[in-house]
Amino acid sequence: MKLATLKDGTRDGKLVVVSRDLTRATEAFNIAATLQGALDDWERLAPRLADLTEQLEHGSVPSFRFHEHECASPLPRAYQWADGSAYVNHVELVRKARGAEMPATFWTDPLMYQGGSDSFLGPREPIGMSDEAWGIDMEGEVAVVTGDVPAGVSADEARKLIRLVMLVNDVSLRGLIAGELAKGFGFFQSKPSSAFSPVAVTPDELGDAWDGAKLHLPLHIDLNGRPFGRAEAGEDMTFDFGRLIAHAAKTRPLCAGSIIGSGTVSNKDADGGPGRPVGEGGRGYSCIAELRMIETIRNGSARTPFLRIGDTVRIEMMDGNGRSIFGAIEQKVEKLTLAPRRGEREGPIA
């Protein structure tokens, strides 16, 4: 089944079931008012939501036109957002570009950071930034939503606790990252609000593309209407979602509705070297930083700028018949004017 959250003026929106072709939806309030409510009682409510899905497909329940721009992220806020770095190829390129060796443990022990989960952006909401010098970048990823996960869970058991799959734009401010990491206490300012796909889907909807722990389809990234990335999400993923969930739950449980991200989807080239741009016959990239790393390695300096005010990013994934699975994240970078603090006046004083 496919689930979405429509904006309704409340913090958590209202849950709807969406048709498989993403054209129609029906309200699920008689089952669960919100997606978090459904996840909290998943074993009992999921079969009812699945029945509603079939009724929607057969036209036997009231429905309305589904518009992706009316969606919040499936979980407008979540108890947990932990983002991994499962594509170690991406990590290796980052370090190589700055002349740093990569510890061998990076291939056996996942990297993960705890992101802010109180204010996710909707899939069509703008990326508001007040300063281009912060190095605004998109990061196209796949994410899963879990049920309740016990502390110390094994990777095998963790795979059984994946409830939903969706896409992510994990916005990063590259100009702020180095300074924050140098403090030795992790990301905060350099990781503003992320956005998720309009629709979250149950793994069974993905058919053979889902192997229980990885999603084997290309992730489409377009920048200003041009192909930027077509990386295959199932390839070069060193740590599958079972491993990532087990890593997150090593010392504590995760509650239902926890979101675990894959990190930037990244592929090596066919010859084993760094990936090539789509325009050169490669699969491209899921973030600008990776292209800049490769430019630095090849040419001695980066040439491609980070996102600027007015740029538009689109992130989507198609099934084998070319149909959108999750809907599209499409965001324009807009100038953010910070509101004056209480007691201050806007503009110059006469």
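**Strands, cores and a covered helix**

Strand β15 (residues 218-223) and β16 run antiparallel, joined by six bridges. The model described here is a predicted one. Within this pair, H220 has R230 of β16 as its bridge partner. The two strands make up a hairpin, with two residues between them. One turn residue, N224, shows a positive phi of about 55 degrees.

This hairpin belongs to a bigger picture. An open sheet of five strands runs in the order β8-β19-β18-β15-β16, and its pairing is mixed. At the edges stand β8 (127-129) and β16 (226-232); each has a single partner strand, so one side of each goes without a neighbour in the sheet. From one strand to the next, the twist averages 20 degrees. At the β8 edge, the partner is strand β19 (residues 329-335), and the two pair in the parallel sense over three bridges. There, G128 is matched with E334 of β19 as its bridge partner. As for what holds such strands side by side, strands of a sheet pair through backbone hydrogen bonds, either parallel or antiparallel.

Another set of strands centres on β11 (162-169). How much of β11 is buried? Eight of its eight residues are, so β11 is largely enclosed by the rest of the structure. With β10 (140-146), β11 pairs in the antiparallel sense over seven bridges, and V144 has V165 in β11 as its bridge partner. Strand β13 (residues 195-196) also runs antiparallel to β11, this time with two bridges. In that pairing, V168 sits opposite F196 of β13.

V165 turns up again in the nonpolar interior. The largest nonpolar core has 74 residues, and the members touching the most others are F66, V165, L215, M317 and F326. Take F326: setting aside neighbours within four places in sequence, its contacts include V165, L215 and M317, along with L22, M166, L167 and L206. S197, P198, V199 and V201 are also in contact with F326. A second core, separate from this one, has 31 residues, among them L3, A46, W81 and F196. Such grouping fits a general pattern: in soluble globular proteins, nonpolar side chains tend to be buried together.

Helix α6 (residues 241-248) is mostly covered too, with six of its eight residues buried. Those six are F241, G242, L244, I245, A246 and A248. What covers them? The cover over the buried residues of α6 includes the strands β6 (81-84), β7 (112-114), β10, β11 and β17 (259-261), plus helix α4 (155-159). At the start of α6, a side-chain oxygen of D240 comes to within 2.9 Å of the backbone nitrogen of G242.

A few single residues round things off. Is C71 buried or exposed? Its relative accessibility is 1%, and buried means under 20%, so C71 counts as buried. C255, by contrast, has a relative accessible area of 30%, which makes it partly exposed. A search of the whole structure turns up zero disulfides. R65, in strand β4 (residues 64-65), counts as exposed because its relative accessibility is 53% and the cut-off is over 50%. R65 and D12 are 53 residues apart along the chain, and their C-alpha atoms are separated by 21 Å.

How values were computed. Residues are numbered from 1 along each chain as its sequence is written. This is a predicted model: local features need pLDDT of at least 70, side-chain atom pairs count only at pLDDT 80 or more; totals for chains, interfaces and linings use all residues. Side-chain values use heavy atoms; hydrogens and water are left out. A nonpolar core is a set of buried Ala, Val, Leu, Ile, Met, Phe, Trp, Tyr and Cys residues joined through side-chain atoms within 4.5 Å. Buried means under 20% relative accessible area, exposed over 50%, partly exposed in between (1.4 Å probe, protein chains only). Contact means heavy atoms within 4.5 Å. Two strands pair if DSSP finds at least two bridges between them. Helices (H or I, at least four residues) and strands (E, at least two) are DSSP runs, numbered from the N terminus. Axes are lines fitted to C-alpha atoms, for helices over the stretch in contact, and angles run from 0 to 180 degrees between N-to-C directions. A disulfide is a pair of cysteine sulfur atoms within 2.5 Å. A polar contact is a pair of N or O atoms within 3.5 Å; within protein, one must be able to donate a hydrogen and the other to accept it, and residues adjacent in sequence count only if both atoms are side-chain atoms.
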